[in-house]
Amino acid sequence: MTIEIVHVAVGVIKKNNAIFICKRADEQHQGGLWEFPGGKVEAGESVFVALKRELIEEVGLTIHSSSQLMVIEHDYGDKCVKLDVHVVSNFSGEAHGAEGQPSEWVGISELENYDFPEANAEIIEKIVARYA
């Protein structure tokens, strides 16, 4: 049996010394945990195009550019993900939970105080090492 790997474009939205995060709905995979916004890369889509689409839908931002931070593959047992993580600091609009989800700007040094899915631990370590 082959397990599908879900390719996800993830946006680490950075403004000054803060990162924008959202809380996953309880009924979602890894529900109730905080996340960096983004979503599935569709067939034939580039990571940037997917990220642009997802961030408009999820947080109301239009991104103009991004830079790759890292790629992580993680097996949750019930789902495998490939997280293509990009830092986004060139955007327009005001970030908010456009789908009604709780969201907030968090100081980089405060990220470790929030509960994220296990795969996000490496992302947080890299953000703190690079920007804190």
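The paragraphs below lead from the overall build of this protein to one of its helices and then to a few single residues. The model is a predicted one, and the values given here were computed from it.

The protein contains 2 helices and 7 strands. Followed along the sequence, these elements come in the order β-β-β-β-α-β-β-β-α, and a reader who traces the chain through the structure can use that pattern as a guide. For a chain of 132 residues, a compact globule would be expected to have a radius of gyration near 14 Å, and the value for this protein, 14 Å, agrees with that expectation. The C-alpha trace spans about 45 × 30 × 30 Å along the principal axes.

How much of the chain is hidden from the surface can be stated too: of the 132 residues, 44% count as buried. The accessible surface comes to about 6900 Å², and 45% of this surface belongs to carbon and sulfur atoms. The protein carries 11 positive and 22 negative charges, and the mean positions of these two groups lie 6 Å apart. As for how the chain meets itself, among the contacts with a separation of 6 or more, 67% are accounted for by residues 24 or more positions apart in the sequence.

Helix 2 is a good place to look at burial in detail. In this helix, which runs over residues 121-131, Ile-123, Ile-124 and Ile-127 are buried. Seen down the helix axis, the buried residues fall within an arc of 95°, and therefore they line one face of the helix. On the other side of helix 2, by contrast, Glu-125 and Ala-129 are exposed. What, then, covers the buried residues of helix 2? The cover includes strand 1 (5-15), strand 2 (18-23), strand 5 (62-75) and strand 6 (80-92).

Strand 2, one of the elements in that cover, holds Ile-21. With a relative accessibility of 0%, Ile-21 counts as buried, since the cut-off for that word is under 20% relative accessible area. Leaving aside neighbours within four places in sequence, Ile-21 is in contact with Trp-34, Glu-35, Phe-36, Pro-102, Ser-103, Glu-104, Val-106, Leu-111, Tyr-114 and Phe-116. One of these partners, Pro-102, stands 81 residues from Ile-21 in sequence, yet the two are 8.7 Å apart in space, C-alpha to C-alpha.

Strand 5, which also takes part in covering helix 2, offers a contrast in Glu-73. Is Glu-73 buried or exposed? Its relative accessible area is 56%, and Glu-73 is exposed, the cut-off for that word being over 50%. Not counting residues up to four places away in sequence, Glu-73 touches Ile-5, Val-81 and Lys-82. Glu-73 and Ala-119 are 46 residues apart in sequence, with their C-alpha atoms 7.9 Å apart in space.

The loops hold residues of interest as well. Asn-16 has its place in the loop between strand 1 and strand 2, and at 66% relative accessibility Asn-16 counts as exposed. The phi angle of Asn-16 is near 55°, which is a positive value in a residue other than glycine.

The loop between strand 2 and strand 3 (34-35) contains Gly-32, and Leu-33 is found in that loop too. Gly-32 is partly exposed, with a relative accessible area of 24%, and Leu-33 is likewise partly exposed, at 22%. Leaving out residues up to four places away in sequence, Gly-32 touches Lys-23, Arg-24, Ala-25 and Asp-26, while Leu-33 is in contact with Cys-22, Lys-23, Arg-24, Asp-115, Phe-116 and Pro-117. The C-alpha atoms of Leu-33 and Cys-22 are separated by 8.5 Å, and these residues lie 11 residues apart along the chain. Gly-32 and Asp-115 are 83 residues apart in sequence, but their C-alpha atoms are 8.6 Å apart in space.

Conventions:
Residues numbered from 1 in each chain as written. Predicted model: local features only at pLDDT ≥ 70, side-chain atom pairs only at ≥ 80, totals over all residues. Heavy atoms only, no water. Helix = DSSP H or I, 4+ residues; strand = E, 2+ residues; numbered from the N terminus. Rg over C-alpha atoms; globule rule 2.2 N^0.38 Å. Buried < 20%, exposed > 50% of the residue type's maximum accessible area, 1.4 Å probe, protein only. Contact = heavy atoms within 4.5 Å. Areas by Shrake-Rupley, 256 points an atom, 1.4 Å probe, with all protein chains shown as cover. Lys, Arg positive; Asp, Glu negative; His and termini not counted. Charge placed at Lys NZ, Arg CZ, Asp CG, Glu CD. Arc of directions from axis to C-beta.
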